[in-house]
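Visitor: I would like to learn how to read the features of a model such as this one, step by step. Could we look at it together?

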Amino acid sequence: MTHEVIKALEAKAGKTITYLKEEFAKVRAGRANPNLLDGIVVECYGTQTPLNQIASVSVPEARMLLIQPWDSTLIKDIEKSILRSDIGITPSNDGKVIRLPFPPLTEERRKDLVKSIWSTAETNKVAIRNARREAIDTVKKLEKEGELREDDSKTLQEEVQKSVDKLIEKIENITKEKEKELMEI
């Protein structure tokens, strides 16, 4: 019973950390990253389709993404979708491929992005703390129902706290790494 509580906590926390990494992958760090386009959907053949299902995306150089649609008639639709997205890059197309040039980030923009990632990290820490609260409530309920002795309950609550501390530290480290990436020139 005790291991199920920790496993449930770690499963929720794992999803939270995966979400955090996905969000950080979308943050533009001054160099081309295909993950930036993950949230872009394109209206094609009457349905909303993710960009990566209708085109190949490559990184020919550090500050350039190259999008090559499998059907060249979709190039205008892809371009419109990129312009509608909030990635802040203006695409240029030559009729066959779309180029996304990444301008260097200004110091002010880098600082804004750092504030943003720390805000996202804090939101994710709150989610971890909520999972801790749920786990501790479960432990207390088990103790109250007589399924756990008081000593075991205290020990399990301490294990939950240790696990949460490690997870919070992991979020901090991921965020510091992204901050370092953003502040590189």
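**Reading helix H2 and its surroundings**

Guide: Let us begin with a helix, bearing in mind that this is a predicted model. In helix H2, which spans residues 75-84, the buried residues are Ile-75, Ile-78, Glu-79, Ser-81 and Ile-82.

Visitor: Why are these buried residues on the same side of H2?

Guide: They cover an arc of only 160° around the axis, and therefore they fall on the same side of H2. The face turned away from that buried side carries the exposed residues Leu-83 and Arg-84.

Visitor: What covers the buried residues of H2?

Guide: The cover includes strands E1 (41-44), E3 (55-61), E4 (64-69), E5 (92-93) and E6 (98-101). H2 lies across E3, E4, E5 and E6, and it runs at about 20° to E6.

Visitor: How should I read the sheet, and what is the order of its strands?

Guide: As a general idea, strands of a sheet pair through backbone hydrogen bonds, in either a parallel or an antiparallel manner. Here an open sheet of four strands has the order E3-E4-E6-E5, with antiparallel pairing. E3 and E5 stand at the edges with a single partner strand each, so one side of each is left without a neighbour in the sheet. E4 and E6 pair in the antiparallel sense over four bridges, and the bridge partner of Leu-65 in E6 is Leu-100.

Visitor: Now to the nonpolar cores: how many residues does the largest one have?

Guide: In soluble globular proteins, nonpolar side chains tend to be buried together. In this model the largest nonpolar core has 28 residues, and those with the most contacts inside it are Val-5, Ile-128 and Val-160. The elements that give two or more residues to this core are helix H1 (2-25), helix H3 (107-144) and helix H4 (150-183), and H3 gives the most, with ten residues. A second, separate core has 20 residues, including Leu-36, Leu-37, Ile-87 and Ile-89.

Visitor: Which residues is Val-5 in contact with, leaving aside its neighbours within four places in sequence?

Guide: With those neighbours set aside, Val-5 is in contact with Ala-135, Thr-138, Val-139, Leu-142, Leu-156 and Val-160.

Visitor: Finally, what about the backbone of Tyr-45, and is that residue buried or exposed?

Guide: Although Tyr-45 is not a glycine, it has a positive phi of about 55°. Tyr-45 lies in the loop between E1 and strand E2 (47-50), and with a relative accessible area of 61%, against a cut-off of over 50% for exposed residues, Tyr-45 counts as exposed.

Conventions
Residues are numbered from 1 along each chain as its sequence is written. This is a predicted model: local features need pLDDT of at least 70, side-chain atom pairs count only at pLDDT 80 or more; totals for chains, interfaces and linings use all residues. Side-chain values use heavy atoms; hydrogens and water are left out. A nonpolar core is a set of buried Ala, Val, Leu, Ile, Met, Phe, Trp, Tyr and Cys residues joined through side-chain atoms within 4.5 Å. Buried means under 20% relative accessible area, exposed over 50%, partly exposed in between (1.4 Å probe, protein chains only). Contact means heavy atoms within 4.5 Å. The arc is that of the directions from the helix axis to the C-beta atoms. Two strands pair if DSSP finds at least two bridges between them. Axes are lines fitted to C-alpha atoms, for helices over the stretch in contact, and angles run from 0 to 180 degrees between N-to-C directions.
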